[in-house]
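Subject: The structure for you to look at

Hello,

Here is the structure I promised to pass on. Please open it first, then read my notes beside it.

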Amino acid sequence: MALRFASDITTAETDYGTVLLDQRNGHYWELNPTGTLVVRTLLEGGEEADAVDAVIAEFDIDRSQATQDVAALIESLRTSGLTA
C-alpha cells in the first residue's frame with residue numbers, strides 16, 4: 001500500500017521530522033522522526049510491513065508496538081483527508 005498525499009498537501013522535511021500543510025484549510029501537521037520514516041517508506045512504494053521493519057531497524061521498539069504505531073499513523077493520515 002504505497003502512500004500518496006492529496007494534491008493540496010505540501011510537505012517539508014525539517015531537522016525535527018516533517019511538516020505537512022493542508023492548503024485547503026491551512027492546517028499544519030508535524031511528524032516526528034518516526035512518523036517521517038514511516039511516511040518516507042510508504043511514499044517510496046513500501047508496504048505497511050516495510051514501514052514496520054524500518055521503524056524496528058531504526059528505533060529500539062518491539063514489533064507489536066511498531067505495528068500498532070504504524071497502523072495508527074496511517075489511519076490518522078487517512079481520516080484527516082491528507083492522503084489520496
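Start with H27, which is found in strand β3. Keep in mind that this is a predicted model. H27 is partly exposed, because its relative accessible area of 47% falls between the 20% and 50% cut-offs. Leave out residues up to four places away in sequence, and H27 touches L20, L21 and D22. Look at I9 as well. H27 and I9 are 18 residues apart in sequence, and their C-alpha atoms are 9.9 Å apart in space.

Stay in the strand and move to L31, which also lies in β3. Is L31 buried or exposed? L31 has a relative accessibility of 7%, so it counts as buried. Its contacts beyond four places in sequence are Y16, G17, T18, L20, T36, V39 and L73. L31 and T14 are 17 residues apart along the chain, with 9.7 Å between their C-alpha atoms.

**The whole chain**

Now step back. The protein chain has three helices and three strands. In sequence order the pattern is β-β-β-α-α-α. The strands are β1 (9–14), β2 (17–22) and β3 (27–31). The helices are α1 (residues 33–43), α2 (48–58) and α3 (63–79).

How does the radius of gyration of the protein chain agree with that of a compact globule? A compact globule of 84 residues would have a radius near 12 Å, and the protein chain has 12 Å, so the two agree. The C-alpha trace spans about 35 × 25 × 20 Å along its principal axes. Buried residues make up 32% of the 84 residues.

Take the contacts with a separation of 6 or more. Of these, 40% join residues 24 or more positions apart. The accessible surface comes to about 5,100 Å². Carbon and sulfur atoms hold 48% of that surface. The chain has 5 positive and 15 negative charges, and the mean positions of the two sets are 7 Å apart.

**Helix α1**

Spend some time on α1. Its buried residues are G35, T36, L37, V38, V39, T41 and L42. What covers them? The cover includes β1, β2, β3, α2 and α3.

Check both ends of α1. N32 caps the N-terminal end, with a side-chain oxygen 3.0 Å from the backbone nitrogen of T34. After α1 comes G45, whose phi is positive, near 100 degrees.

Two threonines in α1 are worth a look. T36 is found in this helix. T36 counts as buried because its relative accessibility is 6%, under the 20% cut-off. Setting aside neighbours within four places in sequence, T36 is in contact with E13, G17, T18 and L31. The L31 contact takes you back to β3.

T41 is in α1 too. T41 has 15% relative accessibility, so it counts as buried. The side chain of T41 reaches back along the helix: the backbone oxygen of L37 is 2.8 Å away. Why might two such residues meet? An α-helix has 3.6 residues a turn, so residues three or four places apart point the same way. Beyond four places in sequence, T41 touches G46, D50, A51 and A54.

**The loop and α3**

Next, find F59. F59 sits in the loop between α2 and α3. Its relative accessibility is 29%, so it counts as partly exposed. Outside its neighbours within four places in sequence, F59 is in contact with P33, T34 and L37. F59 and P33 are 26 residues apart in sequence, and 10.0 Å apart from C-alpha to C-alpha.

Finish with L77, in helix α3. L77 counts as buried because its relative accessibility is 2%. Leaving out neighbours within four places, its contacts are L3, F5, L20, V39, L82 and T83. One of these, V39, is among the buried residues of α1. L77 and V19 are 58 residues apart along the chain, and 13 Å separates their C-alpha atoms.

**Where to look again**

If time is short, go back to two spots. One is L31 with its contact to T36. The other is T41 with its 2.8 Å link to the backbone oxygen of L37.

Best wishes

Conventions: Residues are numbered from 1 along each chain as its sequence is written. This is a predicted model: local features need pLDDT of at least 70, side-chain atom pairs count only at pLDDT 80 or more; totals for chains, interfaces and linings use all residues. Side-chain values use heavy atoms; hydrogens and water are left out. Helices (H or I, at least four residues) and strands (E, at least two) are DSSP runs, numbered from the N terminus. Buried means under 20% relative accessible area, exposed over 50%, partly exposed in between (1.4 Å probe, protein chains only). A polar contact is a pair of N or O atoms within 3.5 Å; within protein, one must be able to donate a hydrogen and the other to accept it, and residues adjacent in sequence count only if both atoms are side-chain atoms. Contact means heavy atoms within 4.5 Å. The radius of gyration is taken over C-alpha atoms; the globule rule is 2.2 Å times the number of residues to the power 0.38. Accessible areas come from the Shrake-Rupley method with a 1.4 Å probe; for residues, only the protein chains shown count as cover. Lys and Arg count as positive and Asp and Glu as negative; His and the chain ends are not counted. The place of a charge is taken as NZ of Lys, CZ of Arg, CG of Asp or CD of Glu.
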